[in-house]
Amino acid sequence: MMPFPVTTPGSQQTLPPPKRYGISSPISLAAPKETDCVLTQKLIETLKPFGVFEEEEELQRRILILEKLNNLVKEWIREISESKSLPQAVIENVGGKIFTFGSYRLGVHTKGADIDALCVAPRHVDRSDFFTSFYDKLKLHEEVKDLRAVEEAFVPVIKLCFGGIEIDILFARLALQTIPEDLDLRDDSLLKNLDIRCIRSLNGCRVTDEILHLVPNIDNFRLTLRAIKLWAKCHNIYSNILGFLGGVSWAMLVARTCQLYPNAIASTLVRKFFLVFSEWEWPNPVLLKEPEERNLNLPVWDPRVNPSDRYHLMPIITPAYPQQNSTYNVSVSTRMVMIEEFKQGLAITHEILLSKAEWSKLFEAPSFFQKYKHYIVLLASAPTEKQHLEWVGLVESKIRILVGSLEKNEFITLAHVNPQSFPAPKENPDKEQFRTMWVIGLVLKRPENSDVLSIDLTYDIQSFTDTVYRQAINSKMFEMDMKIAAMHLRRKELHQLLPNHVLQKRKTHSTEGVTLTALSDCSLDLSTDSEDSMSVPLPAGTMKTGPVTGSSQGRNSPAPAVMAASVTAVQVTEVSLQQGTPSESLGGASSESIPQTASQSALLPPPKATVARVVSSTCLVNHPPRPSGSTATNIANPIVGV
């Protein structure tokens with residue numbers, strides 16, 4: 001059977017109009033060529049060593065574990081129904097079900113990945129039942145380990161390891177007497193009369209199911225998404241919490257590409273992905289379907305109504321009601337980094353198409369530690385492993401606030417946080433201490449009419465640490481000896497904290513001289529100065545902070561005062577700024593026009609206003625007046641002697 005209808009010469013057959021996927025007509029309906037099939041097979045072979053495909057035996061084990069969990073849910077709901085004296089006829093058909101979402105539901109999970117699950121219960125089962133009697137039932141099961149409940153989370157969850165597989169279980173109670181086996185969670189009427197926590201819990205399943213429903217070919221979508229997720233992780237741009245994109249956002253970008261090229265297979269779709277999103281006119285939103293109003297009075301993403309939505313830099317809108325922007329954490333810097341990676345990806349896939357490179361080149365990681373001349377290193381430390389896990393999670397969730405603050409500095413062009421964290425050497429080898437560090441690369445801008453650049457980052461870092469400590473104290477998580485330290489290091493000084501195998505220079509994807517596209521479409525040269533022209537007469541500035549009681553050291557702090565430390569200063573002499581030329585289109589010129597939605601112009605403010613507002617809205621902390629330089633105290637560099 002031929003995959004596409006063929007009209008013989010002279011026949012009167014008329015082809016039906018092509019099915020439209022998404023909000024616009026497809027760019028191309030071209031069928032795969034033999035070369036595309038060969039390249040797709042080569043892509044599969046390249047992906048295999050990375051562990052992105054799970055063995056059939058492991059997949060069957062997951063299915064078995066989920067079946068056991070599903071039976072536990074049904075059994076538990078029957079017990080709850082009996083304890084609440086429901087009629088026997090209802091009890092026999094009460095149901096209850098485990099749904100999955102995320103990478104497992106999309107069919108793109110990797111070896112050893114966890115499973116995101118949702119427990120759906122009828123109306124007479126309360127959330128409190130889930131966190132008490134169901135929790136107790138799980139505790140008694142012999143295959144359940146590492147059981148913990150996070151009831152106070154934004155989306156409450158029970159975490160566990162079931163038969164060696166990590167599972168996160170959310171809970172949603174529907175306004176139904178029974179839960180049928182064929183329940184379709186995409187039905188918007190299910191959201192009526194639900195509390196907001198249940199709606200949030202349902203959102204993951206609803207979005208995942210909508211994505212699968214909106215792509216032309218699920219197998220082509222899955223293989224393409226596996227490749228793009230691996231590429232994003234290799235290039236350190238896979239992290240929603242740090243301002244890049246998370247799994248669902250990458251899935252929606254791939255789904256949009258599939259809609260625009262409905263007959264293409266994975267090798268073509270990967271290349272078209274880079275073409276589409278290297279040329280996308282952000283902040284035009286990426287939409288998989290037209291937003292629909294359901295009159296359920298739930299907040300949805302709409303910049304015409306919500307002023308805060310107008311500041312989003314890279315909106316990717318979830319297809320299920322209530323529509324939300326999955327990328328509200330994206331900052332000026334992270335967007336610039338991702339767009340440049342899209343352009344690099346386009347250039348590499350063009351080489352692959354011309355047989356000048358192999359697929360493996362696409363998954364070679366650029367060396368972040370050779371990319372910039374200046375870095376800020378953040379260190380989080382705690383005395384015990386349990387405290388360290390909690391502390392690291394909180395600090396990491398707030399790093400984007402520091403990045404936003406740095407972006408506002410007139411002499412910082414780019415602040416690029418590496419999503420990968422690293423273990424930090426101990427300050428005291430004889431003392432039990434757990435330390436983690438993150439590294440932020442900086443691109444600096446020389447001031448006009450001056451050869452010396454001096455940047456005081458004390459205030460920015462102090463505001464960041466204030467925010468972290470304040471939240472830790474308010475959430476009653478803070479313990480003594482939980483600390484944050486920050487320091488400036490030049491590239492050649494990174495070896496004091498990071499091992500050589502992390503810092504080793506790689507020949508691939510050198511960024512020296514590569515340009516980045518800024519909001520104003522100006523070009524930024526990553527190599528803003530020569531290593532030899534740098535001079536830092538002061539010791540690498542550090543800031544160590546910790547909450548104390550008593551004097552606030554001249555700062556107004558709503559929480560127990562946070563004692564400030566040193567000035568973080570960078571002085572640059574003989575800064576040589578190379579004039580970068582605008583980025584040229586990589587991978588060859590393309591005549592394809594990337595469709596931006598007709599309705600987007602009505603959804604978005606004028607571009608100039610958007611840029612102005614974004615620049616003024618990047619800082620998320622209300623600052624007290626800036627302290628004078630005399631109030632800061634210099635502290636010796638803690639890395640000396642490491």
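**Questions about a predicted model**

Trainee: Let's start with one residue: where is Leu170 placed?
Mentor: First, the vocabulary: helices (H or I, at least four residues) and strands (E, at least two) are DSSP runs, numbered from the N terminus. With that naming, the place of Leu170 is in strand 5 (residues 165–173).

Trainee: Before we go on, what kind of model is this?
Mentor: Residues are numbered from 1 along each chain as its sequence is written, and side-chain values use heavy atoms, with hydrogens and water left out. Local features need pLDDT of at least 70, side-chain atom pairs count only at pLDDT 80 or more, totals for chains, interfaces and linings use all residues, and the model itself is predicted.

Trainee: Is Leu170 buried or exposed?
Mentor: Buried means under 20% relative accessible area, exposed over 50%, and partly exposed in between (1.4 Å probe, protein chains only). Leu170 has 10% relative accessibility, so it counts as buried.

Trainee: Which residues does Leu170 contact, leaving aside neighbours within four places in sequence?
Mentor: A contact means heavy atoms within 4.5 Å. With those neighbours left aside, the partners of Leu170 are Phe101, Ala117, Leu118, Cys119, Phe130, Val155, Pro156, Val157 and Ser201.

Trainee: How many residues of the protein count as buried, in percent?
Mentor: Leu170 gave us one buried residue. Now take the whole chain: of its 642 residues, the buried share is 53%.

Trainee: How many helices and strands does the protein have?
Mentor: We already know strand 5 as the home of Leu170. Over the whole protein, the tally is 15 helices and 17 strands.

Trainee: Now for Glu54: where is it found, and why does it count as buried?
Mentor: Glu54 is found in the loop between helix 1 (34–47) and helix 2 (56–83). Glu54 counts as buried because its relative accessibility is 16%.

Trainee: Which side chains make polar contacts with the side chain of Glu54?
Mentor: A polar contact is a pair of N or O atoms within 3.5 Å; within protein, one must be able to donate a hydrogen and the other to accept it, and residues adjacent in sequence count only if both atoms are side-chain atoms. One such pair, at 2.6 Å, links the side chains of Glu54 and Arg62. Another, at 2.7 Å, links the side chain of Glu54 to that of His109. So your two names are Arg62 and His109.

Trainee: How do helix 7 and helix 9 lie, oblique or roughly parallel?
Mentor: Axes are lines fitted to C-alpha atoms, for helices over the stretch in contact, and angles run from 0 to 180 degrees between N-to-C directions. The axes of helix 7 (residues 218–234) and helix 9 (residues 266–278) come within 9 Å and cross at roughly 50°. That makes the two helices oblique, given that angles under 35 degrees count as roughly parallel, over 145 as roughly antiparallel, 65 to 115 as roughly perpendicular and the rest as oblique. So the word you want for helix 7 and helix 9 is oblique.

Trainee: Which residues of helix 9 make that contact with helix 7?
Mentor: From helix 7, the residues are Asn220, Leu223, Thr224, Ala227, Ile228 and Trp231. Facing them from helix 9 are Ala266, Leu269, Val270, Phe273 and Phe274.

Trainee: What about helix 8 and helix 9: at what angle do their axes cross?
Mentor: Their axes also have a distance: they come within 9 Å. Residues including Trp250 and Leu253 in helix 8 meet residues including Leu269 and Phe273 in helix 9. The axes of helix 8 and helix 9 cross at roughly 105°.

Trainee: Tyr261 is in the loop between helix 8 and helix 9, so what is its relative accessible area?
Mentor: Tyr261 follows helix 8 (247–260) in that loop. It is also 6.1 Å from Leu29, C-alpha to C-alpha, although the two are 232 residues apart in sequence. Tyr261 is buried, and its relative accessible area is 2%.

Trainee: Which residue is joined to Pro283 by a cis peptide bond?
Mentor: Most peptide bonds are trans. Pro283 lies in the loop between helix 9 and strand 6 (286–287). The cis bond, with omega near 10°, joins Pro283 to Trp282.

Trainee: Last one: what is phi of Asp146?
Mentor: Asp146 lies in strand 3 (residues 144–150), and it is exposed, with a relative accessible area of 51%. Most residues other than glycine have a negative phi. Asp146 has a positive one, near 50°.
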